[in-house]
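Here are a few exercises to work through with the model open in your viewer. Try each one yourself before reading on to its solution.

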Amino acid sequence: MIINFFKHLHTVNKHRFIVMNLCFKLGLYWQGLTHDLSKYSYIEFFTSVKYYTGSKSPIDKEIKEKGYSSCWLHHKGRNKHHWQYWTDFYHGEVVYIDMPLKYIKEMVADRIAACMVYQKDNYQPDSALRFYLNSQEKLFIPKKTSEKLLSYLTIVAENPLNKALEMIKADK
Ligand SMILES: [Zn+2]
C-alpha cells in the first residue's frame, strides 16, 4: 500500500510534467499547469493506489473488478480534456457536445504523455494514434471532435514531435 502510494504519486507527477511541457508547446499555458489536478483528490488518488498496476491505468483494473470506476466518474466530470466530460443524458437520449479546440489539443497532449509513461522505451510517434484506432471509443466521440482528434494524432505519428506540436498549435 505505502509503496503503491509513492509509485502512483510518481506516475501522476511524471504524467503531469510531460503534459505540461507538451501543452506549453501548444500555447496552452493554464491548461498545462492545471492538467489532471483532480488526480490529487482523495477519491481519485486512493482508488488509484488501491488498483495500482504500474503498466496501465488503475481505472481499467477497477472497472474489471467492480464493473465501473468511481475514480473515472469523478475524473471525467471535472476534466474538460476528456470527450466524456462533454456528454450528457437527457430526454431519453445521449447528448454529445463538440469539444472546444483547446481541449482537443490538451487531449492530444494527454494521450501522448500517457503512452510515454506506460510504454517507456517502447514509445513510438504513432503510439497514441494506434491506441485510438484500436479503441471502441472512436465510435462514440462526436464527428467533428473525432475527425479533429484523428487528424492531430496522425500529425503526431508522421512528424518529429516538436514539428507536430507546432502544426497543431497553428491550427485554429
Ligand atoms: Zn485526465
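The exercises below concern a predicted model.

**Exercise 1. Find which residues coordinate the zinc ion, and classify the geometry of the site.**

Step 1: Start with the donor atoms. The zinc ion is coordinated by OD of Asp36 and by NE2 of His75, His81 and His82, at 2.2 to 2.3 Å.

Step 2: Place the donors along the chain. Their spacing reads D-x38-H-x5-H-H.

Step 3: Turn to the angles. Among the four donor atoms they run from 83 to 158°. Four donors count as tetrahedral if all angles lie between 85 and 135 degrees. The site is irregular.

Step 4: Check the surroundings. His75 counts as buried because its relative accessibility is 3%, and His81 counts as buried because its value is 2%.

**Exercise 2. Work out which residues of helix α9 are buried, and how they are arranged around its axis.**

Step 1: Helix α9 covers residues 161–170, and its buried residues are Ala164, Leu165 and Ile168.

Step 2: Look down the axis of α9. The buried residues fall within an arc of 95°, so they line one face of the helix. A general point helps here: an α-helix has 3.6 residues a turn, so residues three or four places apart point the same way.

Step 3: Now take the face turned away from the buried side of α9. The exposed residues Glu166 and Ala170 sit there.

Step 4: Ask what covers the buried residues of α9. The cover includes α1 (2–25), α6 (101–119) and α8 (143–158).

**Exercise 3. Determine how many disulfides there are, and explain why cysteine 71 and cysteine 115 form no bond to their closest cysteine sulfur.**

Step 1: The cut-off is a sulfur pair within 2.5 Å.

Step 2: The closest cysteine sulfur to that of cysteine 71 lies in cysteine 115, 18 Å away, which is too far for a bond.

Step 3: For cysteine 115, the closest one is in cysteine 23, at 15 Å, again too far for a bond.

Step 4: The count of disulfides is zero.

**Exercise 4. Compare the salt bridges of arginine 111 and lysine 143: where do the partners lie, and are they buried or exposed?**

Step 1: The model has six salt bridges. One of them joins arginine 111 to glutamate 137, with the closest N and O atoms 2.9 Å apart. This pair links distant parts of the chain, 26 residues apart: arginine 111 is in helix α6, and glutamate 137 is in the loop between α7 (127–133) and α8.

Step 2: Arginine 111 is buried at 13% relative accessible area, and glutamate 137 is buried at 16%.

Step 3: Lysine 143 meets glutamate 147 at 3.1 Å, N to O. Both lie in helix α8, four residues apart, about one turn of the helix.

Step 4: Lysine 143 counts as exposed at 62% relative accessibility, while glutamate 147 is partly exposed at 45%.

Terms used: Residues are numbered from 1 along each chain as its sequence is written. This is a predicted model: local features need pLDDT of at least 70, side-chain atom pairs count only at pLDDT 80 or more; totals for chains, interfaces and linings use all residues. Side-chain values use heavy atoms; hydrogens and water are left out. Donors are N, O and S atoms within 2.8 Å of the metal (3.2 Å for Na, K and Ca); water is not among the atoms, so sites may look incomplete. Four donors count as tetrahedral if all angles lie between 85 and 135 degrees; four count as square planar and six as octahedral if opposite donors are over 155 degrees apart and all others between 65 and 115; anything else is irregular. Buried means under 20% relative accessible area, exposed over 50%, partly exposed in between (1.4 Å probe, protein chains only). Helices (H or I, at least four residues) and strands (E, at least two) are DSSP runs, numbered from the N terminus. The arc is that of the directions from the helix axis to the C-beta atoms. Contact means heavy atoms within 4.5 Å. A salt bridge is a side-chain nitrogen of Lys or Arg within 4 Å of a carboxyl oxygen of Asp or Glu.
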